[in-house]
Every structure is written in C-alpha cells, then in structure tokens.
Amino acid sequence: MNEIKKWIDNSRNAGKSWEALRYAGKESEQELMVFLKFAFEDMYWPKLTAKEWYQIVDKQRAEEERLERLIDAKGATVIHGSNENNLIKVPTDENSVWQCYRKLLLKDKGFSRDMVNVMEDANIKILRQLSRDTQESGAIKGLVIGNVQSGKTANMAALMAMAADTGWNMFVVLSGMMENLRVQTLGRLVQDLNSRNSNISWEAIDNPLPIDQHGRRLVDKNFREGSNIRYLAVCLKNAIRLKNLIGWLNSDKNNRENIRMLIIDDEADQASINTNKEVRTKINELILNLVNNRDAKGKSAVGSFQSVNYIGYTATPYANVLNEVPGKESLYPANFIATLSVSDEYFGPQQIFGYESDDEDSTSYPGLNMVRLIQNDEIEIVKDIQKGNEIKIPGSLINAIYWFIYGVAYMRFIHYRKPVSMLVHTSRLTNAHIQMGDAIRRFFNSLGEENIIAECKRIWEYETKVFSKMDFMNQYPTYSNMSGINDYPDFKELLPYIKELVAAGLTQLEINSDNNQRIYKTGIHLCIDNSDNNVDHSRLMYPESWEMPCDAPAFLVIGGNTLFRGLTLEGLVSTYFLRPAHCADTLMQMGRWFGYRKGYELIPRIWLSLQVRDQFRFMAEMDQKLRDEIKFMGEIGQNPSECGPKIMASPSTKFLEIVSKGKMQNAVGATYDFAGHTMETGVFTNNTRMLNNNLSLLSKFIESLGTPANDVDDNPYAENNKVWKNIPIDKIKGFLNDYNYSERLKGFNDLKVLIEWLDKVTDKGLLENWNVILAGKQHDNIIDKRNVTESISVNKINRTRRYEDRGDGIINIGVLRSFKDFLSDISIHKDDSMTLSAMRCIKSNMADLNILREKLNLSKAPQIVIYIIDKNSTPDRPTRYPLNANEDIVGFTINIPGIKRGNSTIQSLTINIKPKLVDAVD
C-alpha cells in the first residue's frame with residue numbers, strides 16, 4: 001500500500017484536490033476502474049475495488065487534515081520582512097539527506113511521527129526565508145527560538161539536511177566555548193547526516209587553518225554546481241578559531257564564489273552579542289566579518305560568497321532582539337524570527353512551574369507537583385558546607401539523594417538502558433563543588449545499608465502519595481502519552497535494585513590503562529564537573545553505546561558553569577538547585593530538568609529555594625508571552641526589521657533582570673506602553689492589616705462615586721454588578737495610589753510609571769474618563785454579601801490558590817477577572833437584539849471585545865473592575881487549594897483600550913528596540 005499512498009502524496013504535492021483524487025484524477029467511477037486496472041497490471045498495485053479506493057483516499061485525507069490541525073496548533077510561527085519566500089519544497093526523494101535523516105529520527109532517535117511532521121513543517125518554513133544568492137541583497141539574518149533541552153540539535157540538523165538537498169554546500173555551526181562539546185557536536189552531526197543511503201556525502205572541516213595541509217585546503221574542495229559533497233565546520237566562539245576559519249574561507253577566490261553558506265549560531269545569545277558600546281566585542285566583530293564578506297581584519301575578502309545566510313538559535317532570545325538595531329553592522333534578525341514549538345510530551349517551564357493563560361481558549365497549566373522547597377535554614381547549612389565549616393548535609397539534600405537512589409532503581413526496574421542522573425548545583429565556585437562532594441561522600445560513608453533502604457522507603461511513601469499518576473494527569477491535561485505513563489511500582493519490586501546500588505555505593509569512573517577504555521560500575525558515579533576540573537575519572541562522561549553496561553549507570557553530578565548550556569543531563573530524576581540568577585536568560589539555561597521524560601514521567605523531582613522557584617514561575621509566563629507576541633506579529637504581518645517583539649518586564653531588577661545591561665543596549669530608556677493592556681491583582685499578601693486597609697479604601701472609593709448608573713439595568717452581564725460611568729482619572733489614581741499591593745505582584749511594581757503614562761495619554765485626549773464596575777458573582781447558594789457602603793452591597797466571589805499554602809504569606813490565585821464583567825458597562829435596551837447577540841458571540845476574546853467597544857463609542861473608556869474575594873473560598877477542582885485568607889480580599893482588573901495612532905494600534909507592554917519609536921504616544 002505504500003506505493004499507493006506515495007502516489008496520492010505526489011498528486012497532492014502537484015496541486016490535485018481531494019475531490020479530483022476521489023476518481024484518481026479521472027471524470028467518473030467508470031474511468032477510475034480503468035485506471036485501477038491499469039495500476040494493477042502495469043504499476044504492480046494490489047487489485048482494488050472502487051469502494052476500497054475511496055476508503056484509502058478518505059483515510060489519507062483524514063490524516064492530512066489531522067496533521068494540518070496539529071501543525072496549526074503546534075507548528076512554527078515565522079514573522080518576516082520584505083524578503084519573499086522562496087519556492088523550495090520538502091525534498092521527497094527517499095535518497096535525499098532529509099528523507100534519510102527523517103527515517104533516522106523515527107527509527108533510532110525516538111521521535112514520534114507527529115513530532116517529525118511538525119519539525120518538517122517548521123524547517124521548510126525557515127528554509128523558505130533563506131536565499132541562494134545574496135550578492136546584491138546582503139546576508140540574510142534570522143533567529144530561531146527553541147526551548148531548553150527540547151531537541152534543538154535535531155531541528156538544526158533537519159534544516160541543514162533540507163538545505164543540503166536544495167543547493168547549500170557550506171555549513172558553519174558556531175558552537176559554544178568548550179572544545180569537548182564542539183567535538184561532540186561535529187561528530188554527531190556528521191554521523192547523523194551522512195547516511196549511507198543518501199545521494200549526498202558530508203565532509204567534516206575540523207579546525208581549518210588559513211594555510212593548511214594538502215587535501216585540507218579550500219582549493220582542494222569541490223563546491224561546483226552539481227557536486228554531491230557538503231562541507232561542515234563546527235567552530236568555537238573563540239577569536240583564534242574564528243580567525244582561522246575566516247582565513248581558510250578566504251584562501252581561494254574561485255571556490256569562495258561558489259559557496260552557498262548557511263551559518264548556524266548555536267546559543268546565539270552567548271558570546272555572539274556585542275556588549276560594548278564603544279568598541280565592538282571581538283567575537284561579535286569576527287562573526288560580522290564572516291557574514292559580511294570580510295577577512296578577519298575587517299577588509300574586503302578576495303571574493304563574495306554566492307550566498308550567506310545567518311541564523312541564530314537560542315531558547316533565550318532576549319538579548320538578540322533588545323541589543324542592536326537592524327543594519328549591516330548588526331546580527332539583529334531583520335529578515336525573520338521563528339519560534340519552534342514542542343510536542344505535548346515536553347516538560348517545559350509552563351508545565352513544571354505553572355502558567356495561567358489570559359485567554360480562556362488557550363491551555364493553562366497548574367504546575368506539576370514535583371517541585372520541593374529548600375528552607376532558609378537549610379540554605380545556610382549549604383553555605384557553611386561550601387566554606388568548609390559544616391559536616392552534615394541538610395535534610396532536603398538527603399531527601400533528594402534518597403529519591404535519586406529510588407529513581408535509579410526504578411529506571412533499572414523498567415529496563416532503561418541509558419544513564420540516570422542527579423544534579424547538585426548550589427554555587428558557581430569550583431572550591432564549593434569540592435566541599436559539597438566531600439560532604440556527600442561523608443554522608444554515604446556514615447550510613448549502613450539498612451538505614452538507607454529504610455529512608456528510601458520513607459521518601460517513596462511520601463512522594464508517591466503527594467504526586468500520584470492521577471495528579472499528573474490533572475496537572476498536565478494535554479500530555480499526549482497518557483496511555484503510556486507507568487505508575488509507581490510497589491516498593492518491594494524495587495528493593496533488589498536498591499540493595500544492589502547501595503551495596504556498590506559511591507564510585508568514580510575508572511580508565512583501563514591497557515586500552516584507555518572507560519569502565520562503568522553498578523554504583524553511583526560521583527562527578528565534579530567544572531572549568532577547573534580536568535581529571536577525567538571525576539568529570540561527567542557518559543558512556544558511548546558500546547561502553548554501556550547492562551544496568552543503567554548512575555551519575556551524581558556536582559557542577560557549575562559548565563552545566564549551563566549545551567550539556568544534556570541524561571535521565572535526570574533528581575535535582576538540588578540553589579543558585580538564583582540575576583538575569584532571566586542565564587536562569588532559563590540552567591533548567592537542565594526541562595525536556596522529555598517518556599517512560600518515567602512521575603519520577604523527576606526538583607528541590608529549589610523559594611526565590612528560584614518564583615523566578616522560574618515568572619519566566620514561564622515571560623517565555624509564553626513572548627511566543628504569543630511573535631504569533632500575534634505573524635498574524636498581523638509585522639516586519640521584524642521595523643518593530644521588535646515585546647518582552648514582558650520583570651517585577652523589579654532586584655528580583656530578576658531580563659538580560660544584563662550590556663546585552664540590551666538599545667532597550668535602555670525604553671518607556672512602558674500600557675495601551676491595549678489588561679492588568680490585575682492576582683497575587684496578595686495574606687496580612688490582616690493590608691487586607692483590612694484595602695476593604696476600607698474600597699468603601700471610601702465607592703462612596704465617592706455617587707449613585708450607580710441605571711442605563712445597564714437591561715444588560716444581562718450587569719445583573720450582579722454595580723456600574724459607575726464617566727469617572728475622572730483623579731479618583732482612579734487616588735484608588736490606585738492608596739491600594740496595598742503585594743510585593744510579589746507583577747505589573748504594579750512601579751506604579752509611578754503607570755500613573756505618569758495615564759496622565760500623558762489622558763491630557764492628549766487619547767483616553768477619556770473611566771467606567772468603574774463593582775462585580776459580584778451569581779451564586780446558587782450565596783456565599784455571602786459584603787456591605788461596601790450603607791447603600792451598596794455586592795456578592796463576594798470564590799477564588800482559590802494556584803499553589804498549596806507554603807507558609808510564606810503569599811496568596812496567588814492566577815487569573816482574577818471574569819471576562820463577562822468587561823461587558824457589564826454597556827448600555828442596552830431589551831429590544832436591542834443585535835448588540836446582545838454581538839456580546840454573546842465575543843466569548844473571551846479581548847480583541848473582539850475592543851472591536852465591539854469601538855463600535856459602541858467606548859473605545860476611549862478605560863475600565864476598572866473590582867471584586868471582593870471571600871476569605872473562605874474553597875476549590876471546585878482538584879488542582880486548586882483553599883484560599884485560607886485572614887480577611888476578605890479586594891482585587892481589581894484594569895482594561896486599557898488600544899490607542900489608535902493613524903492606521904496602527906498600540907497593543908501592550910512594550911520594550912522597543914528602536915529609540916526613535918520608543919515613546920509610542922508622542
């Protein structure tokens with residue numbers, strides 16, 4: 001049947017409709033039967049009836065439509081400028097590099113067919129942004145935003161495979177700062193792409209020199225049209241290595257002019273960024289020389305490449321879009337920006353730490369209950385250990401180690417045949433790693449086998465209770481491998497594996513002196529991996545496939561900066577992480593626990609400090625909002641060379657900077673723009689005085705507004721609400737200034753900026769007076785009413801905690817607002833069926849709401865919707881927790897209309913990379 005499906009695929013690629021294919025491109029069923037007879041006799045198809053043919057076509061059509069829906073939901077988003085898409089199509093020749101690599105992904109790499117199909121779609125979209133002739137236009141510059149630990153290398157290889165099939169012949173990967181990872185990347189790419197079935201062969205260009213040995217020179221290579229050889233260089237972001245590569249590429253004019261080059265800058269926000277305003281940093285300068293057809297000294301090269309395409313890859317793109325403005329002397333992605341999605345088997349920041357979407361139609365995640373907090377007193381113990389002043393490790397680290405032992409036993413129980421790891425990352429200081437390693441050795445040496453087994457059982461009983469298979473399914477409802485989740489086995493089933501592991505104890509990698517072969521044992525390999533440690537037997541070195549022992553080898557890894565980027569910790573089941581970061585990009589790259597956990601979904605655990613956990617929760621939201629922003633830019637056709645993506649601001653620089661100041665040079669001085677923005681208080685401090693002050697403030701504020709409006713009496717959305725209209729901004733400012741905000745609340749952390757902005761746009765007539773809505777919920781059984789003033793009362797609402805009460809005095813409810821309350825200030829008569837119908841059709845879409853408000857002449861009227869949350873609110877679903885507030889809570893939502901300037905509408909909080917466009921309302 002494969003030949004039939006291939007024939008249908010080719011027909012679809014040629015533009016045939018499904019209606020035409022019903023009769024195999026013929027006019028009638030009678031002609032179809034003639035074709036099927038011919039196909040049976042001359043094309044060696046099986047003998048088919050018309051009914052069987054219809055079933056095959058219908059099945060393949062259903063699969064194509066399902067894939068289209070999948071790609072629409074999970075496919076890449078690409079925003080691009082004036083460059084036109086080229087007409088490149090997916091290579092279909094089974095001997096093409098892409099088709100060979102595709103088979104490798106499906107057969108040997110563990111990728112599902114859906115994942116590969118989404119990857120294929122994403123990379124053909126990216127490939128269509130590139131150019132095979134840039135001699136007149138100048139280099140193409142783009143950015144691809146991936147996800148930490150999500151198969152980025154596979155996506156890069158997929159793009160290279162497709163590019164190799166369609167004429168590119170020189171590939172340069174700029175790879176980090178560490179030689180061992182560079183060698184690993186080069187070997188892996190050449191091995192994966194150099195299929196013996198492919199009609200194209202790959203040659204590695206390893207550490208080229210300007211004057212090289214015979215056979216290694218540029219002049220010795222075949223870049224002519226029609227050559228079936230492709231060349232790959234993986235180059236460190238090191239000045240000497242880059243100069244050598246540029247010199248090698250500049251050593252032969254004739255070959256240079258035949259080169260179609262694709263430069264992939266892996267971790268493009270690291271080292272490649274210019275961090276100096278006065279004198280350009282050396283690595284950035286050299287990359288620009290390579291991209292702009294110059295030699296290593298910045299002079300014109302001997303000849304022009306036929307084409308140069310530069311693509312930065314990173315999971316943390318903030319510096320790439322905030323640092324430099326578009327131009328020849330910049331790596332800013334002026335031609336295109338693409339985001340890669342991940343499958344619903346990926347564990348990312350949103351899934352692990354939780355994310356509540358503003359859009360009710362989008363997926364929200366309550367967060368997986370696999371995160372454990374390290375208390376402040378234990379943090380002090382860790383600090384003392386690292387100074388050499390403490391012998392005993394804290395209880396939280398002990399629990400993490402016991403869980404690791406359990407996790408290794410579990411992985412061996414399910415016959416997992418790859419390494420299993422634990423990460424201890426508490427400091428960047430190399431001496432601290434040695435002290436921590438010594439402390440862990442003392443801990444193991446002080447315990448007997450029976451004691452360890454008993455403690456492993458204790459941690460097993462606790463962890464399997466607080467995070468069950470059902471909990472996982474509720475907390476990650478879109479996970480695509482639900483049927484394949486293994487539940488926890490009984491502890492007795494794991495006991496033999498635990499005993500074997502404990503009996504072997506801590507160990508180190510051994511090197512056989514006879515053949516220099518590494519020997520892996522059944523115990524736990526304690527590894528210290530940092531920039532100062534060059535001792536092979538104590539560094540992290542996973543076994544190659546031929547070195548793999550029968551049992552999954554165990555690695556307890558203590559490390560620092562070398563673990564930030566590029567290194568995947570295989571089979572990571574236990575993480576003890578105690579190092580906050582000052583910058584969001586650095587912190588996100590530390591997330592070694594992100595990735596795929598197929599087969600052991602319930603096993604990973606992460607121990608973090610409260611500060612680090614809160615930083616990751618913020619970053620989960622920031623990361624998702626950036627992806628949503630790029631998707632929005634793609635939908636409205638914004639050009640990345642004219643408008644930079646907006647990035648969510650941190651609550652404060654004390655909490656977390658987006659990137660270091662040197663990496664956001666053109667974001668300095670950018671102002672906040674709140675037009676089209678919805679802000680709300682979803683985080684509260686559970687302090688009786690603060691909560692009572694807000695209740696008193698609300699009473700005074702409502703009293704000052706006078707009598708509620710009566711022109712909304714027929715509005716069904718205002719049934720439980722009180723509405724005041726045309727309220728001057730000074731009253732709103734007074735309420736905002738006097739409200740007691742939680743210090744953990746994002747959005748209102750710098751109220752002065754918001755107030756100044758509101759004054760400015762109001763003075764210019766861009767915003768008018770406000771509408772105030774005191775919103776209550778209709779209850780089957782009234783929770784309780786709250787008397788706000790002597791004449792005004794409102795039903796309290798029910799809101800619950802996103803996270804279990806950790807005793808930190810913070811209540812996080814996520815989304816406060818109910819979308820229908822934004823409709824409750826609209827005047828409507830009983831017989832106005834058109835307006836009522838339009839209101840009902842909006843559902844929860846803020847863009848549609850703003851369109852309706854514009855039609856009703858409400859486009860300049862900001863709204864503040866105020867709620868009183870019942871202090872005894874109880875959850876209505878298992879992923880929520882009781883509110884347990886000391887007093888009723890006053891919360892509010894602000895909806896600021898989009899402000900029109902000419903034909904464009906300012907949308908949301910923005911940091912604009914173009915200084916001349918920074919002040920959006922001037």
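**View 1. Trp593 and the residues it touches in this predicted model.** Leaving aside residues up to four places away in sequence, Trp593 touches Ile352, Phe353, Leu572 and Thr575. Phe577, Ile606, Leu608 and Phe616 complete the list.

**View 2. The largest nonpolar core.** This core has 114 residues. Which of them touch the most other members? They are Tyr318, Ile405 and Trp593. Helix α15, residues 395-413, supplies the largest share of this core, with 13 residues. In soluble globular proteins, nonpolar side chains tend to be buried together.

**View 3. A second core.** This core is separate and has 69 residues. Among them are Trp724, Trp770, Ala775 and Met839.

**View 4. An open sheet of eight strands.** The strand order is β1-β8-β2-β7-β6-β3-β5-β4. The pairing is mixed. Which strands lie at the edges? They are β1 (77-80) and β4 (201-204), and each pairs on one side only. From one strand to the next, the twist averages 20°.

**View 5. The pairing of β1 with β8.** Strand β8 covers residues 336-339. Four bridges join β8 to β1, in the antiparallel sense. Val78 has Ala338 in β8 as its bridge partner. Strands of a sheet pair through backbone hydrogen bonds, either parallel or antiparallel.

**View 6. Confidence along the chain.** The protein chain averages a pLDDT of 87. At least 70 is the score of 90% of the residues. Where does pLDDT stay under 50? One stretch is residues 668-672, with 12 contacts beyond four places in sequence in the model. Another is residues 901-922, with 73 such contacts.

Technical notes. Residues numbered from 1 in each chain as written. Predicted model: local features only at pLDDT ≥ 70, side-chain atom pairs only at ≥ 80, totals over all residues. Heavy atoms only, no water. Pairing = 2+ DSSP bridges. Helix = DSSP H or I, 4+ residues; strand = E, 2+ residues; numbered from the N terminus. Axes fitted to C-alpha atoms, helices over the stretch in contact; angles between N-to-C directions. pLDDT = per-residue confidence, 0-100. Contact = heavy atoms within 4.5 Å. Core = buried A, V, L, I, M, F, W, Y, C linked by side-chain atoms within 4.5 Å. Buried < 20%, exposed > 50% of the residue type's maximum accessible area, 1.4 Å probe, protein only.
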